[in-house]
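This report covers the nonpolar cores and one helix of a single protein model. Please look over the sequence and the structure before reading on.

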Amino acid sequence: MRVLGVDPGLTRCGVGVVEGVPGRPLTMIDVGVVRTHADAELGLRLVAIEQGIEQWLDEHRPEFVAVERVFSQHNVRTVMGTAQASAVAMLCAARRGIPVALHTPSEVKAAVTGSGRADKAQVGAMVTRLLRLAAPPKPADAADALALAICHIWRAPAQSRLQQAVAQNRLQQAVALHAARTAAPVSTAAPASTTAPAPKGRPA
């Protein structure tokens, strides 16, 4: 399984490609950052991010794209920029028919370090260890992108089984409901007469 992890951001959008399967050593294929100038027009920055991600998709041809799920922060401006970059990454993948998965920061931290409250230094250290790198990727956005890819590789099989189980359960419920409706008894009794009985004759 080859996964492109995307840590969205307007100024620095981390990207990293990891290949492997659960239970076996993973391999880093490439890692980097798509950068834009903070003083550039927003539309041009989004175009630059799109072009950068498209280049990564062209070069590495991942089977999945894992993007960090945007969560609420006190800095609304930062959240908006992250959400816009995230949407660009999802658009690029969807346009090519590549499945997209969203993972929250706590999910990624828990998958990589075992703690959903790990800091960036801990995440970087574990990414370095898991991928057998000489040093933690810099900047932290790049390490986070690799962590996203690792998280998806490890979580995807479980998520797939869960989705299949949910789909199977829904199918069974639909079949049972259809069978119940089909087997419902239909009344065949003749309708009650509404004609009043004829009056009896008077006695002689």
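Which residues does Val6 touch, not counting residues up to four places away in sequence? In this predicted model, the contacts of Val6 are Cys13, Gly14, Val15, Val65, Ala66, Val67, Glu68, Ala89 and Leu148.

Val6 also belongs to the largest nonpolar core, which has 19 residues. Val6 is listed among those with the most contacts inside this core, together with Leu4, Ile49, Ile53, Leu57 and Val65. The table gives the elements that contribute two or more residues to the core.

| Element | Residues |
|---|---|
| strand S1 | 2-7 |
| strand S2 | 12-19 |
| helix H1 | 42-60 |
| strand S4 | 64-68 |
| helix H2 | 76-95 |

H2 supplies the largest share of this core, 5 residues. There is also a second, separate core of 17 residues, and Val3, Val108, Leu131 and Ile153 are included in it.

Helix H4 spans residues 120-130, and its buried residues are Val123, Gly124, Val127 and Thr128. Viewed down the axis of H4, these buried residues fall within an arc of 135°, so they line one face of the helix. Ala121 and Arg129, on the other side of H4, are exposed.

Both ends of H4 can be described. At its start, the backbone nitrogen of Ala121 has a side-chain oxygen of Asp119 within 3.2 Å. Arg132 follows H4 and has a positive phi, near 55°.

Terms used:
Residues are numbered from 1 along each chain as its sequence is written. This is a predicted model: local features need pLDDT of at least 70, side-chain atom pairs count only at pLDDT 80 or more; totals for chains, interfaces and linings use all residues. Side-chain values use heavy atoms; hydrogens and water are left out. A nonpolar core is a set of buried Ala, Val, Leu, Ile, Met, Phe, Trp, Tyr and Cys residues joined through side-chain atoms within 4.5 Å. Buried means under 20% relative accessible area, exposed over 50%, partly exposed in between (1.4 Å probe, protein chains only). Helices (H or I, at least four residues) and strands (E, at least two) are DSSP runs, numbered from the N terminus. Contact means heavy atoms within 4.5 Å. The arc is that of the directions from the helix axis to the C-beta atoms. A polar contact is a pair of N or O atoms within 3.5 Å; within protein, one must be able to donate a hydrogen and the other to accept it, and residues adjacent in sequence count only if both atoms are side-chain atoms.
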